[in-house]
Protein chains: 2
Amino acid sequence: MQLARVHGFAISLDGFGTGEGLSLAAPFGHAGQRLHEWMMHTRYWHRMIGEEGGGVGVDNAFVDQHDYRIGAEIMGRGKFTPQTGPWTDLGTAEEWRGWWGQNPPFHTPVFVLTHHPRPSFELEGGNVFHFIDAGPAEALEIAKAAAGGLDVRIGGGPSMVREFLAAGVIDLLHIVQVPIVLGRGVRLWDGLEGIEAGYDVESVSTPSGVTHMTFTRR
Amino acid sequence: MQLARVHGFAISLDGFGTGEGLSLAAPFGHAGQRLHEWMMHTRYWHRMIGEEGGGVGVDNAFVDQHDYRIGAEIMGRGKFTPQTGPWTDLGTAEEWRGWWGQNPPFHTPVFVLTHHPRPSFELEGGNVFHFIDAGPAEALEIAKAAAGGLDVRIGGGPSMVREFLAAGVIDLLHIVQVPIVLGRGVRLWDGLEGIEAGYDVESVSTPSGVTHMTFTRR
């Protein structure tokens with residue numbers, strides 16, 4: 001059975017998964033790196049940016065799951081780019097191909113949800129980006145077919161995770177709550193009253209100060 | 001030094017300290033008892049309702065602090081009564097004297113914040129209720145003077161805790177985050193962007209599923 005899994009999705013105490021004022025210079029808006037500092041101390045992160053070292057404690061155990069036995073990712077367009085509306089740079093020298101350089105950290109097919117489909121492209125390391133105009137169930141069906149029998153990661157941002165939760169298609173939701181009050185941005189929990197009824201919830205706080213929560217579908 | 005302390009203040013994952021639709025029959029609105037079930041398993045709670053038993057684990061260690069070395073409480077009017085506006089039942093047989101019967105669980109002076117002051121009254125067990133029209137700093141000054149050198153508990157609800165946090169007068173904030181999504185009600189964190197900068201924050205999750213967080217003023 002292939003699961004739909006969310007991993008390492010960081011939110012503030014007041015439930016914001018990203019800040020306000022997203023731009024090329026500030027992918028998380030006024031939140032800056034504050035939602036992800038806990039992750040930057042892990043071996044997982046160090047390895048991703050080509051460095052030695054990093055902690056292998058509880059935070060790392062959780063974040064290592066991000067890649068393990070994942071065969072495809074679905075992400076919202078907002079994770080791929082801060083641009084909205086029709087693509088204006090296709091085929092130009094400035095064509096946007098994501099934040100992650102020539103060898104993004106996915107190493108699987110990636111399906112970007114957008115109302116403006118565009119041609120697929122391939123980067124190094126097995127990263128193939130597709131662009132599809134589909135709802136949660138259909139997108140998941142497409143991604144599962146491309147995942148080689150492995151699971152599908154639901155990559156965020158907050159709006160698409162919320163949409164997939166509302167559609168009832170997420171099997172594992174791993175939230176990392178960071179003890180900061182962001183005050184503004186995009187909230188994860190809006191419109192999800194009572195969502196916990198469909199899940200077994202476990203929580204564990206770690207010395208870095210964050211609290212990991214797993215929502216496992218019943 | 002007398003501290004201003006908040007204890008056992010329960011919020012949902014989406015930050016609501018109380019639900020929607022507060023009434024005499026539903027003091028926490030549609031939240032019902034869901035924000036406080038963790039507490040009902042403790043020895044503290046059992047003792048409060050006159051029963052034997054209850055757990056003496058980590059949840060109980062936190063909730064026992066609610067009373068320890070507290071000499072006065074300040075509460076918002078919304079904690080005292082769901083009624084708003086001028087008091088209409090004073091001196092009648094139906095005069096409202098709180099939810100807690102003849103021997104409320106405070107056993108100290110209690111200062112109720114209201115724009116409609118009314119005469120003080122005394123119940124059993126050292127419970128004396130006063131009604132004052134004052135902002136956070138002034139209310140705290142009054143309560144400290146009545147606390148016999150002990151600390152002052154800031155009793156809630158969410159609007160008054162938020163107001164006292166914004167005023168910068170809270171020394172210890174103990175939050176209990178319950179893994180439910182309430183969806184509606186009164187939020188604790190609104191308008192408190194960046195509040196963590198003034199506090200050292202520690203978190204610990206317990207087997208009951210809640211996460212205790214202490215905010216200790218720097």
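This tour goes from the contact between chains A and B to a strand in chain B and then to the sheet of chain A.

The model is predicted, so that local features need pLDDT of at least 70 and side-chain atom pairs count only at pLDDT 80 or more, while totals for chains, interfaces and linings use all residues. Residues are numbered from 1 along each chain as its sequence is written, chains are lettered from A in the order in which they are written, and side-chain values use heavy atoms, with hydrogens and water left out.

**The interface**

Begin by selecting both chains: 27 residues of chain A are in contact with 27 residues of chain B, where contact means heavy atoms within 4.5 Å. The area buried between the two chains is about 2,000 Å², of which carbon and sulfur atoms give 51%; buried area is the accessible area (1.4 Å probe) that two parts lose on being put together, summed over both. Next select A:Leu13, A:Val181 and A:Glu193, which lose the most area to chain B and together account for 30% of what the chain A side buries.

Then show the side chains of B:Glu193 and A:Arg184, which meet in a salt bridge at 2.7 Å, N to O. The count between chain A and chain B is six salt bridges, each defined as a side-chain nitrogen of Lys or Arg within 4 Å of a carboxyl oxygen of Asp or Glu. On the side of chain A that touches chain B, the elements giving two or more residues are β10 (199-205) and β11 (211-217) of chain A; strands here are DSSP runs (E, at least two residues), numbered from the N terminus. Of the elements, β10(A) gives the most to that side, with four residues.

**Strand β7 of chain B**

Move to residues 151-154 of chain B, where B:Asp151 and B:Arg153 point one way from β7 and B:Val152 and B:Ile154 the other way, all of them buried, that is, under 20% relative accessible area (1.4 Å probe, protein chains only). Adding residues 4-12 shows β1(B), which pairs with β7(B) in the parallel sense over two bridges, pairing being counted if DSSP finds at least two bridges between two strands. Here B:Arg5 has B:Arg153 as its bridge partner. Residues 70-76 form β3(B), which also pairs with β7(B) in the parallel sense, over four bridges, and B:Ala72 has B:Val152 as its bridge partner.

**The sheet of chain A**

Finally, colour the strands of chain A, nine of which form an open sheet of mixed pairing in the order β5-β6-β4-β3-β7-β1-β8-β11-β10. The edge strands, each pairing on one side only, are β5 (121-122) and β10 of chain A. At the β5(A) edge, two bridges join that strand to the antiparallel β6(A), residues 128-132, and A:Glu122 has A:Val128 as its bridge partner.

Technical notes:
Buried means under 20% relative accessible area, exposed over 50%, partly exposed in between (1.4 Å probe, protein chains only).
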